[in-house]
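Biologist: I would like to learn how to read a protein model feature by feature. Where do we begin?

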Amino acid sequence: MSFSKLKKVELHLHLEGAAPPAFIRSLAKEKNMSIDGVFDENGAYSYTDFWDFLKVYEAATACLKTPEDYARLTSAVLENCAEHGVVYAETFLAPDFCGGGDVVAWREYLHAMQEAADKAEKDSGIILRGIPTVVRHFGPDAAKKSAKCAVETAGDWVVGFGMGGDEKFGTPSDFAYAFDMAREAGLKITSHAGEWSGPEEIRATIQDLKAVRIGHGVRAIEDAALVREIVEKDIVLEVCPGSNVALGVYADWASHPIQKLRDAGVKVTVSTDDPPFFHTTMTDEYEMLSRTFGWDDDTFRALNIGAAEAAFCTDATRAQILKKLEA
Ligand code: ADE
Ligand code: ZN
């Protein structure tokens, strides 16, 4: 079976980071905006390292100015996901980029994205849910505003609360207030950790933010006691191997610790993070996992059932996902 047809669950996807380059170029043209430095001569996103990637990401995101832009983006992204067999996705949405942390504006952006997601679900069956996300290097005050947006819209569609951005900025405890607000409103917690920083960052994220999923978390492999803690606490890792290799966290696929983590009993899931930035798709990720580690259909089936179990949606939606995976 071709990996593109295999039904998949994707839990770690940044909506802006999934924007096709041509989509951003056409928005920039419509709005007469400069996108100097965003693309290389072949039209691909261009950056030198992770910190430059964050700058380029924000420059591309600046072309997304209205709820309608985000609706169009949602449609484009979901069409791509569905083409690669994704039946359920959770996407990170930063209130900072969707109305600057203002609750009224955020509601408008969210409404537009949900409408686009509803239409995609009718057209292709793909289900989307949203995870409002703090941009870490924007600091704790902006994080509280994002949390307020998340709390005000928490429900069946807004299912979690997360944090991405520069992992070297501040400490998880700096953001604990925002995460407490979100958790108390019933939102499930995930946060990027252990992508650039080491095991201590993952420990602090579990302890101070009460994260039940970790974005990346791959550097846990450097600390056997932490790996045991992750297994015992049933923490799920949102692993994005292609992203890690593209950004240079690991030199190549063979050096990536996903197999070792899985062998140690860690619940790993597989996602693309920011697919066009890293020249990947869910199909590519599966092909590389098969080629590098010999993962077969049974491995992928177990992987996707595990991801469905770790999804932040309601149990009714989870039952729908599991049915789609069986089909
Ligand atoms: N935002 C988008 N992609 C990210 C990544 N891989 N790490 C941290 N923040 C991000
Ligand atoms: Zn990410």
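**Reading the metal site and the spaces**

Modeller: We begin with the metal site, noting that this is a predicted model. In sequence, the donor residues of the zinc ion (ligand 2) are spaced H-x1-H-x177-H-x80-D.

Biologist: Which residues coordinate the zinc ion (ligand 2), and through which atoms?

Modeller: His 12, His 14 and His 192 each coordinate the zinc ion (ligand 2) through NE2, and Asp 273 does so through OD. The distances are 2.1 to 2.2 Å.

Biologist: How should I read the angles at a metal?

Modeller: Ideal angles are 109.5 degrees for four tetrahedral donors. Here the 4 donor atoms around the zinc ion (ligand 2) subtend angles of 88 to 171°, so the arrangement is irregular. A tetrahedral label needs all angles between 85 and 135 degrees.

Biologist: Is His 12 buried or exposed?

Modeller: A residue is called buried when its relative accessible area is under 20%. His 12 is buried because its relative accessibility is 0%. His 14, with a relative accessible area of 11%, is buried too. Asp 273 also counts as buried, at 3% relative accessibility.

Biologist: What can I learn from the phi angle?

Modeller: Most residues other than glycine have a negative phi. Asp 273 is not a glycine, yet its phi is positive, about 75°. Asp 273 sits in the loop between strand 8 and helix 11 (282-293). Asn 32, also not a glycine, has a positive phi of about 60°. Asn 32 is found in the loop between helix 1 (21-30) and helix 2, and it counts as exposed because its relative accessibility is 72%.

Biologist: How do I read an enclosed space, and how much space lies in the largest cavity?

Modeller: Ask for its volume, then for the residues that line it. The largest cavity holds about 250 Å³ of space. Its lining has 24 residues, and those nearest its centre are His 14, Leu 54, Tyr 57, Gly 164 and Gly 165. His 14 is also one of the residues that coordinate the zinc ion (ligand 2).

Biologist: Which element gives the most to the lining of the largest cavity?

Modeller: Helix 2 does, with 5 residues. Helix 2 (50-61), strand 2 (86-93) and strand 3 (127-135) each supply at least two residues of this lining. By class, the lining of the largest cavity has 12 nonpolar, 7 polar and 5 charged residues.

Biologist: And an open space? How much space lies in the largest pocket?

Modeller: The same two steps apply. The largest pocket has about 320 Å³ of space. It is lined by 18 residues, with Val 236, Lys 267, Gly 306, Glu 309 and Ala 310 closest to its centre. Helix 12 provides the largest share of this lining, 5 residues. The lining of the largest pocket divides into 9 nonpolar, 2 polar and 7 charged residues.

Biologist: Which residues of helix 12 are buried?

Modeller: In an α-helix, residues three or four places apart point the same way, because there are 3.6 residues a turn. The buried residues of helix 12 are Thr 299, Phe 300, Leu 303, Asn 304, Ala 307, Ala 308 and Ala 310. Helix 12 covers residues 297-310 and reaches 20 Å from its first C-alpha to its last, close to the 20 Å expected.

Biologist: Which element gives the largest share of the lining of the second largest pocket?

Modeller: Helix 12 does, with 4 residues. About 270 Å³ of space lies in the second largest pocket.

How values were computed
Residues numbered from 1 in each chain as written. Chains lettered and ligands numbered in written order. Predicted model: local features only at pLDDT ≥ 70, side-chain atom pairs only at ≥ 80, totals over all residues. Heavy atoms only, no water. Donors = N, O, S within 2.8 Å, 3.2 Å for Na, K, Ca; no water. Tetrahedral: all angles 85-135°; square planar, octahedral: opposite > 155°, others 65-115°. Buried < 20%, exposed > 50% of the residue type's maximum accessible area, 1.4 Å probe, protein only. 1 Å grid on protein atoms, 1.4 Å probe; cavity = no way out; pocket = protein on both sides within 12 Å on 5 of 7 lines; lining within 4 Å. Points joined across faces, edges and corners; volume = space filled by probe spheres on them. Nonpolar A, V, L, I, M, F, W, Y, C, P; charged D, E, K, R; others polar. Expected span 1.5 Å × (residues − 1).
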